[in-house]
Amino acid sequence: MSKNAPEAITALEVTPSQDHGTPMSVKIRERILAARKRYHANDNIADFIQPGELDLLLDEVTEKMKGVLESMVIDTENDHNTQNTARRVAKMYLKEVFKGRYVEGPEITEFPNAEHLNELMIVGPITVRSACSHHLCPVIGKIWIGVLPNEHTNVIGLSKYARLAEWIMGRPQIQEEAVVQLADLIQRKTQPDGLAIVMEASHFCMGWRGVKDMDSKMINSVMRGVFLKDINLRREFLALIPRKA
Ligand SMILES: [Zn+2]
């Protein structure tokens, strides 16, 4: 009997769930695993969610959130303030603050660089809102993006940088990884000679809990292409960013 047990488990893992009682999250996870993709907190999984399924996932998260409130011994039946909290929190996670995990990236039209722009261009400050993967506490800050185009670079509208940033930041993130993800995305879309991103943010997990330091900020940057090689260009970019110390 024990000889057959491992086989039974394997079969369960690879058979896609057809059963209607199977939680939505299980079905989505099976598709991700079948495609051998990663599903970390800051990964986008929109490719594995079919139309209408996000609402079923919302129902599932609502039920689980109810369980969390129950375990925290909060009387959600009689406390009118928390009666719909489970639903609100689930909706906030899936459809607002972590939307960048569950929806496709913004449609961005790229244009050829008709004017042959080749001067340093800086976009920012763009306000960004995220949450840390460790505590799901808000991370709120600003980013500046420096682009050095060449004649083959695609040009995107200025507001599009903010939309790309919003999509990347709308996931539980780690600031260092968030800027790298954003840099990869902009690099892929526009193919500039150089790309630089600086992010400065307040981490509420340091102000609200932990060391309770309200003033500390984390600053980090990524430099790509000519920004890595050309120290003067890097200096010019950093000097043009009007950061308040
Ligand atoms: Zn944290």
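# Reading the sheet, the zinc site and a helix pair

Mentor: Take one residue pair to begin with: Ala196 has Met223 as its bridge partner in strand 7. Keep in mind that this is a predicted model.

Trainee: In which sense do strand 6 and strand 7 pair, and over how many bridges?

Mentor: They pair in the antiparallel sense, over nine bridges. Pairing takes at least two bridges, so nine bridges qualify.

Trainee: How many bridges join strand 3 to strand 6?

Mentor: There are 10, and these two strands run antiparallel. One example is Leu148, whose bridge partner in strand 6 is Gly194.

Trainee: What makes strand 2 and strand 5 count as a pair?

Mentor: The cut-off is at least two bridges. Strand 2 and strand 5 have two, in the parallel sense, so they count as a pair. In strand 5, Gln173 stands opposite Cys132.

Trainee: In what order do the strands of the open sheet stand?

Mentor: Five strands form it, in the order 5-2-3-6-7, with mixed pairing.

Trainee: Which strands stand at the edges, and why is one side of each left without a neighbour?

Mentor: Strand 5 (172-173) and strand 7 (217-225) stand there. Each has a single partner strand, so its other side has no neighbour in the sheet.

Trainee: How do you know that strand 6 is largely enclosed?

Mentor: Count its residues: 10 of the 10 are buried, so the rest of the structure largely encloses this strand. Gly194, Ala196, Val198, Glu200 and Ser202 point one way, while Leu195, Ile197, Met199, Ala201 and His203 point the other. For the protein, 38% of the 245 residues count as buried.

Trainee: Which helices lie on the sheet?

Mentor: Helix 7 (residues 175-190) lies across strand 3, strand 5, strand 6 and strand 7, at about 30° to strand 7. Helix 10 (residues 231-240) packs on the sheet too, touching strand 2, strand 3, strand 6 and strand 7. Its direction makes about 135° with that of strand 3.

Trainee: Now the metal. Which residues coordinate the zinc ion, and what makes their atoms donors?

Mentor: They are Cys132 through SG, His135 through ND1 and Cys205 through SG, at 2.2 to 2.4 Å. The cut-off is within 2.8 Å of the metal, so these atoms count as donors. The spacing in sequence is C-x2-H-x69-C.

Trainee: Which parts does the pair His135 and Cys205 tie together?

Mentor: His135 is in the loop between strand 2 (121-132) and strand 3 (138-148), and Cys205 is in helix 8 (residues 204-207). The pair therefore ties together parts 70 residues apart in sequence.

Trainee: Why is Cys205 called buried?

Mentor: Buried means under 20% relative accessible area. Cys205 has 11%, so it is buried.

Trainee: And what is His135 called, buried, exposed or partly exposed?

Mentor: Partly exposed means between under 20% and over 50%. His135 has 37%, so it is partly exposed.

Trainee: Next, helix 2 and helix 3. Why are they called oblique to each other?

Mentor: Helix 2 (residues 24-34) and helix 3 (residues 53-71) pack at about 125°, with axes 8 Å apart. Roughly perpendicular covers 65 to 115 degrees, and roughly antiparallel means over 145. The angle fits neither, so the helices are oblique.

Trainee: Which residues make the contact?

Mentor: From helix 2, Met24, Ser25, Ile28 and Arg31; from helix 3, Glu53, Leu56, Leu57 and Glu60. They divide into four nonpolar, one polar and three charged.

Definitions and conventions
Residues numbered from 1 in each chain as written. Predicted model: local features only at pLDDT ≥ 70, side-chain atom pairs only at ≥ 80, totals over all residues. Heavy atoms only, no water. Donors = N, O, S within 2.8 Å, 3.2 Å for Na, K, Ca; no water. Helix = DSSP H or I, 4+ residues; strand = E, 2+ residues; numbered from the N terminus. Buried < 20%, exposed > 50% of the residue type's maximum accessible area, 1.4 Å probe, protein only. Axes fitted to C-alpha atoms, helices over the stretch in contact; angles between N-to-C directions. Parallel < 35°, antiparallel > 145°, perpendicular 65-115°, else oblique. Contact = heavy atoms within 4.5 Å. Nonpolar A, V, L, I, M, F, W, Y, C, P; charged D, E, K, R; others polar.
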